[in-house]
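Let us walk through this structure together, from its overall plan down to single side chains. Keep the viewer open, and follow along at your own pace.

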Amino acid sequence: MTSPKYFINWTTFKKSWEDVTVAHWLKYPNPFSNHVLSEDVVERRVEDGKLCTVRFIVKKQRIPASLMWMVPNRHKACYVKETSVIDPVNQECTITTENLNCRFISLVIETLKYKGVKMCETVMERRTLISSKIDRIQNYTFERYQKNIVNTDKGMMCVLGLLDECQRQGLTGHLA
């Protein structure tokens with residue numbers, strides 16, 4: 001079995017923690033996420049003053065044609081579980097996503113941690129584990145993931161821009 005690969009990076013948003021957290025919830029759809037088919041909140045509760053949410057996201061499966069023979073028809077879409085904990089007191093938001101199907105091919109677990117560091121600055125730490133029993137598949141998944149992060153961040157910036165525009169036009173109240 002191959003050793004898992006890890007991807008770690010940080011992004012600083014020149015936006016408040018509240019705005020970045022709201023943008024995360026509104027990030028689908030955006031022009032950079034046309035592979036996302038649906039999302040649905042399946043559980044939400046408040047625990048110790050923190051908002052805990054589980055939602056399921058359905059995405060188009062992006063498996064190379066050469067590997068499609070390995071994938072049963074019921075796995076033609078990718079099902080993702082997203083678990084989040086929002087801590088408004090400490091201005092922290094932790095979101096973990098993992099694929100629920102095709103784990104026999106590859107497992108991807110991504111954890112995002114948003115932390116308010118200044119009045120209008122939020123740091124996001126991204127830690128991702130990519131694992132597969134087949135080295136070639138693991139390398140392919142890792143390389144594709146690294147390339148896709150650019151669009152993921154562009155999508156987040158797009159949503160943040162839309163929130164700014166809505167605020168300028170008075171279409172929303174203050175998000176804080």
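**A guided tour of the fold**

Gln91 is a good place to begin, in the loop between strand S4 (77-87) and strand S5 (92-99). We will come back to its backbone further on. Please keep in mind that this is a predicted model.

Now step back to the whole chain. It has two helices and seven strands, and read from the N terminus the elements follow the order β-α-β-β-β-β-β-β-α. The chain has 176 residues, of which 41% count as buried. Among contacts with a separation of 6 or more, 56% join residues that are 24 or more positions apart. The exposed surface comes to about 10,100 Å², and carbon and sulfur atoms supply 57% of that area.

How are the strands ordered in the sheet? The seven strands form an open sheet in the order S1-S7-S6-S5-S4-S3-S2, with antiparallel pairing. Strand S1 (5-13) and S2 stand at the edges with a single partner strand each, so one side of each has no neighbour in the sheet. On average, and ignoring direction, neighbouring strands are turned by 15 degrees against each other. At the S1 edge, S1 and strand S7 (residues 121-131) are joined by nine bridges in the antiparallel sense. One detail to look for is Phe13, whose bridge partner in S7 is Thr122.

Next, add the helices. H1 lies across S1, S2, S3, S4, S5, S6 and S7, and it runs at about 155 degrees to S4. H2, in turn, lies across S1, S6 and S7, running at about 15 degrees to S1.

With the helices and the sheet in view, we can turn to the interior. In soluble globular proteins, nonpolar side chains tend to be buried together. Here the largest nonpolar core has 15 residues, and those with the most contacts inside it are Phe13, Val20, Ala23, Cys93, Tyr114, Met156 and Leu160. The elements that give two or more residues to this core are H1, S5, S6 and helix H2 (135-168). Phe13 is worth selecting in your viewer. Leaving aside neighbours within four places in sequence, Phe13 is in contact with Val20, Tyr114, Cys120, Glu121, Thr122, Met124, Met156, Met157 and Leu160. That list includes Thr122, the bridge partner of Phe13 in S7.

Charged side chains come next. The count of salt bridges comes to 12. One of them joins Glu39 and Arg55, with the closest N and O atoms 2.4 Å apart. Glu39 lies in strand S2 and Arg55 in strand S3 (residues 50-60), so this pair ties together parts that are 16 residues apart in sequence. Are the two partners buried or exposed? Arg55 is buried, with a relative accessible area of 2%, whereas Glu39 counts as partly exposed at 31%. The pair also belongs to a wider arrangement, as Glu39, Arg55 and Glu82 are linked in a network of salt bridges.

Arg45 offers another view of such pairing. Its side chain meets that of Glu43 in a salt bridge at 2.8 Å, N to O, and Arg45 also forms a salt bridge with Glu47, where the closest N and O atoms are 3.0 Å apart. Arg45 counts as partly exposed at 34% relative accessibility. Glu43 is partly exposed too, with a relative accessible area of 36%, and Glu47 is partly exposed at 40%.

Finally, let us look at the backbone. Most residues other than glycine have a negative phi, and most peptide bonds are trans. Which residues here have a positive phi without being glycine? Gln91 is one of them, with phi near 50 degrees, and at 25% relative accessibility Gln91 counts as partly exposed. Cys102 is another, with phi near 60 degrees. Cys102 is placed in the loop between S5 and strand S6 (107-118), and at 7% relative accessibility Cys102 counts as buried.

The peptide bond from Tyr28 to Pro29 is also worth a look, as this bond is cis, with omega near -5 degrees. Pro29 sits in the loop between helix H1 (17-25) and strand S2 (36-47).

Note on methods:
Residues numbered from 1 in each chain as written. Predicted model: local features only at pLDDT ≥ 70, side-chain atom pairs only at ≥ 80, totals over all residues. Heavy atoms only, no water. Helix = DSSP H or I, 4+ residues; strand = E, 2+ residues; numbered from the N terminus. Buried < 20%, exposed > 50% of the residue type's maximum accessible area, 1.4 Å probe, protein only. Salt bridge = Lys/Arg side-chain N within 4 Å of Asp/Glu carboxyl O. Core = buried A, V, L, I, M, F, W, Y, C linked by side-chain atoms within 4.5 Å. Contact = heavy atoms within 4.5 Å. Pairing = 2+ DSSP bridges. Axes fitted to C-alpha atoms, helices over the stretch in contact; angles between N-to-C directions. Areas by Shrake-Rupley, 256 points an atom, 1.4 Å probe, with all protein chains shown as cover.
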